[in-house]
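Colleague: Have you got a few minutes to go through this one with me? I'd like to ask about the packing, the pairing and the contacts.

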Amino acid sequence: MNQSKNFRRLRAKNNKKPFSFLNCLMLMAFFFSVSIAFAQNKQIDGTISDEGGVPLPGATVIVKGSNNGTATDFDGKFTLSVPSGATTLTVTFIGFSTQEVQIGNQTTFNISLIAEANSLSEVVVVGYGTQKKRDLTGAVGSIKSDAIIRSNPTFAAAAIQGQVTGVNINKVKGRPGDGYTIDIRGLSNFGGSTGSEPLVVIDGVTGGDLNAINPNDIGSIDVLKDASSTAIYGSRGANGVIIVTTKKGKSGKAKFTYNGFMGLKTAAHLPEFMTAQQFYQTVYVDRPIERGSPTGRQLTASEQAMIDSGNSTDWLDLITGVGVQTSHTISVSGGSQNTTYDFSGGYLDEEGNTLETGYKRYTIKGGLESKINDKVRVGMTVNYAFSKQNLGGTEAIRSAYRSRPTGTNFFDDLQTADQASDKNWNGYAVFMGIDDSQVIHPLVEINPENFILETLRSSMLANAFAQFEPVKGLTFRSSISANITNQRQGDYRGTYTKSQKTTRLPRVNQQTTDISTYTLDNILTYKLNTGLHNITVTGLHSIFEERRQYSRIDVKDLPYRSLWHALGNGEVTRLESDLAERALISYMGRINYTFKDKYLLTLTGRTDGASVLSEDNKWQFFPSVAVGWRIGDEDFLKDSDVVSDLKLRVSYGEVGNATSISPYATQSSISQTQYDFDGSAATGFAINNLANQNLVWERSKELNIGLNLGLLNNRITTSIEVYNRKTVDLILGDKLPNSTGFVDVIDNVGEIENSGVEVLLNTVNVANDNFRWSSDFTFSTNKNKVTKLASGLLKDVGNNRFVGEAVNSLYYYEVAGIWQLDEAAEAAVYGYVPGQVKFVDQNNDNAITDADDRIVVGNESPDFTLGIRNMFNYKDFDFSFFVYTRQGVQWKSRYLDGTMGDISSDRYNKDASLNYWTQNNPTNDYYGLNGTGGSGKTPRRSWSVVKADFLRISDITLGYTLPQDVLSTLGLSQLRVYAQATNPILFTDVKGLSPEYNSGANSDDVPYAMYAIGLNLSF
């Protein structure tokens, strides 16, 4: 019997899942809603249709000045109970003009909505203000609340993936609680995704963290992509800006909303490892034949017994299982005519598929806004989050991949001869009966008694404002915001872990990071609309301060398992702390001008003064200009039956990268050093680097051309962007003569260019009385290349930088296949034998060397990404699925370059799907048991460069909404139940873990698919 099955019963007994929590909460919410008492209200009904009489399903009908409302069914019909004193209904539907209808004594209504000529009245946030989509001149992508929460993301960034053009989002790792990397329109510096992270603004708080906010609290996300749009953020806008606006309260009676789901996470796309018998065949039968030498390390008696019995141990199965993920968000909003409020509380519990891993997050959001009088309005918003991430033993998952399948799980099952050389920990064989003390039993390594890696994080985003309107059209708004984050990471490793080798006393590490930022914004806005001319002028004065504190302490030889709570009981081996502060003062002006509602102009200028720069370079100016022409409103096109919207946009802007310079980069730093003083050891300080007072920010200069097109009354709409962005003054090390005593000095000497095309396409394919089918397509392509390096270099091999190539290039040997038996003589010229890798001799000198034969063989940026969402509605049912693909990515696979791909080694287990070369299997798929050939690390790393393309069905959702008449009887506004599959299907040739990110298994979890049921309820 397989030993992994022996353990499942033990694991199940100790890992009970909280299946009942969601069910109880759903029932409580349901019965609470049923018990609501009703006033003696007036019952009205009716039908909402377009001008042609076609019913409009999903139109909103609301009693003006309240939250009392409903949505039409798929026949365009609605039923609503209204207070006897209600006078007006407000009817809205996307793409149609809002209509107000007097109630009077009428009880049945037939309302026809008039289609907007452009369907672009939707408002987007553009930074220190808002604009209608029809008036935009820059490249802005938007995603609304329903699309954000549709996929039930743990983090908001996941909802953007594939749904906003030009935004490349990838998961960092597969562990619960790990976030995403984000870059907008390519990489702009050599810091990778970290140096290209966009600025995040949450409810006016700059520098927010998308991971720290509950996706259910988000009302909209607007992404500013081109330099014209981001220039308003000056030195902080080079990498794009993501503006998050949370949901706000509305006047009317209190509205209660619950959104929750429970899902089961199952491991998916797992690699296939060798069984004990396959391992024996490869290492102890095939390997001696191919290598012409004896077998490797000797099998223990327990290993031989395992092989002979036909059994095998699946170590990965032992430390993984089904994880449960639950999410619950409750919110209450409402208010009077002058004061509105919104409050919410959220709880997320995500279990990892690897045992002892998990992530919990608690969120609280509160908002209050009040109109004091006709001239003064005040308000505030607070978002607080606390999270706890447990990552178990970071080495355990890699040990499960590495450990030989010939190993033994329990100590008592070892052969007697092997028990003396092994160790017994709680019944487990610590070394698994294998003659290798470098790998600890995965279940021992991951046990909390031996290994804990815990991260506690709390964050608060708060913003308060006061707005004064002295005269009509002129407003002054002053706001103060704070962003405070505190993080503590504790890393405990007991005796029975790899690092402590089962002989050393425990060690512990504790790191704390505290970040606080404060921003004061004073904004003056003037709006004037004369009919022919429409102008909005915005002025800003802003002060920003940031303080970062860091400390770390490492302790060894703890006498007992005190974690990081009794550090004084051990010996301190490392103690350090750090403080970094920066400040920014900004002045900004923006003019939005529209002539005849057809000709658009946006002018923006921002000046930033920064503490990180020297006196002579402290202030820098960032300008932008954008123009737009609403061609669709011209006389020659406005009456077209085909073209319903057409707008051409052109913009140019310059922005800076505030993250490119550390707070003290313009100054020299010193560090403690030891030296000889007249034969005695002495301590002093030495200069680490030369100061450069001439440093300035990295700057990006971008040209963007955009086209918006609507066809057939906007049943087909598209937005196309073409851009070119040049980033100059990149901060790199410029070489110095050896006589200076320094290798280089940091200077502004590099340049990078990004260019690309983005296409957004929305279609309404079918729309009739009972059925609606719509589709969204997002396509993005970006080409990235280095155009200049320091000192005029064309390539900097040590730092992997090459003029004319991508920022994240791969510089290795070019692979031409596997040397075959009939090529033995030619292979011998290079010192290779059949079965080893055939590398291209670039200079034809009959030798493969690092100096002459490495070239750029690819890069890690995608050629293009594509997202496709299809949404179907039939009466009260809804169905949708989302497909996401990323093509053209290459990377040096950490999985294949690690032990799992080292087919020639005799030490660890291997991927069973590797079709390796033998004399009887002369394949070109994978090299043979003699290794890649060559010397050093380059040959194997070159072989490990693979394509990382994938196509994934990211989510499939089926929902059912209770009909309006049933909801009215129950006193509910909405009740929808749904079932969802997340990442259920994946197509890829990538071996190892997820093709989304490059994992080597260390400190990671396994890829998964999740199957969930959920409830949306409001009343």
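What follows is a run of questions and answers on this predicted model.

Colleague: Let's begin with the nonpolar cores. Which helix gives the most residues to the largest one?

Modeller: That core has 51 residues, and those with the most contacts inside it are Leu316, Tyr401, Ile903, Tyr926 and Tyr927. Among the elements giving it two or more residues are helix H8 (301–309), helix H10 (396–402), strand E42 (837–839) and helix H15 (894–897). The most, four residues, comes from H7.

Colleague: And how many residues are in the other core, the one with Ala147 and Leu461?

Modeller: That core lies apart from the largest one. Ala157 and Ile169 are among its members too, and its size is 28 residues.

Colleague: Back to Ile903. Which residues does Ile903 touch, not counting those up to four places away in sequence?

Modeller: Ile903 is among the residues with the most contacts inside the largest core. Leaving out anything up to four places away in sequence, the residues it touches are Met274, Lys910, Leu914, Tyr916, Tyr926, Tyr927, Gly928 and Leu929.

Colleague: On to the sheet with E16. Which strands stand at its edges?

Modeller: The sheet is open, has mixed pairing and runs in the order E10-E15-E16-E13-E14. A strand at the edge has a single partner strand, so one side of it is left without a neighbour in the sheet. That applies to strand E10 (140–144) and strand E14 (205–206).

Colleague: Does E16 run parallel or antiparallel to E15?

Modeller: Take E13 (residues 199–202) for a start: four bridges join it to E16, and those two run parallel. In that pair, Ile202 stands opposite Val244. Strand E15 (residues 218–224) is joined to E16 by six bridges, with Leu224 partnered by Val241. The E15 and E16 pair runs antiparallel.

Colleague: How many of the six residues in E16 are buried?

Modeller: E16 covers residues 241–246 and is mostly covered. Buried here means under 20% relative accessible area. By that cut-off the count for E16 is five.

Colleague: Now the charges. How far apart in sequence are the parts tied together by Glu100 and Lys64?

Modeller: Their side chains meet in a salt bridge, at 3.3 Å from N to O. Glu100 lies in strand E6 (residues 99–102) and Lys64 in the loop between strand E2 (60–63) and strand E3 (69–71), so the parts tied together are 36 residues apart.

Colleague: Are those two buried, partly exposed or exposed?

Modeller: The partly exposed class lies between the buried limit of 20% and the exposed limit of 50%. Glu100 has 44% relative accessibility, and Lys64 has a relative accessible area of 48%. So both count as partly exposed.

Colleague: What about Glu634 and Lys598, buried or exposed?

Modeller: This pair also meets in a salt bridge, at 3.3 Å from N to O. Glu634 sits in the loop between strand E30 (619–629) and strand E31 (643–657), while Lys598 sits in the loop between strand E28 (571–595) and strand E29 (599–610). Both are buried.

Colleague: Which residues are joined with Arg134 into one salt-bridge network?

Modeller: Arg134 forms a salt bridge with Asp135, with the closest N and O atoms 3.8 Å apart. Both of these residues are buried. Through shared partners, the network joins Arg134 with Asp135, Asp597, Arg630, Asp633 and Asp645.

Colleague: Then the rings. Is the pair of Tyr926 and Trp943 stacked or edge-to-face?

Modeller: Trp943 lies in helix H16 and Tyr926 in the loop between H15 and helix H16 (938–943), so the pair ties together parts 17 residues apart in sequence. Both are buried. Their centres are 5.6 Å apart with 85° between the planes, and planes over 60 degrees apart make a pair edge-to-face. So the answer is edge-to-face.

Colleague: And which residues form an aromatic cluster with Phe872 and Phe879?

Modeller: The rings of Phe872 and Phe879 have centres 6.0 Å apart and planes at 35°, so that pair is tilted. Phe879 is partly exposed, at 30% relative accessibility. The others in the cluster are Phe771, Trp773 and Phe881.

Colleague: Last one: which ring does the charged end of Lys838 sit over?

Modeller: For another such contact, Lys265 lies over the face of Tyr1008, 4.2 Å from the ring centre. The charged end of Lys838 is 5.0 Å from the centre of its ring, which belongs to Trp819.

How values were computed: Residues numbered from 1 in each chain as written. Predicted model: local features only at pLDDT ≥ 70, side-chain atom pairs only at ≥ 80, totals over all residues. Heavy atoms only, no water. Core = buried A, V, L, I, M, F, W, Y, C linked by side-chain atoms within 4.5 Å. Buried < 20%, exposed > 50% of the residue type's maximum accessible area, 1.4 Å probe, protein only. Contact = heavy atoms within 4.5 Å. Pairing = 2+ DSSP bridges. Salt bridge = Lys/Arg side-chain N within 4 Å of Asp/Glu carboxyl O. Phe/Tyr/Trp six-rings, centres within 6.5 Å; stacked < 30°, edge-to-face > 60°. Lys NZ or Arg CZ within 6 Å of the ring centre and 35° of its normal.
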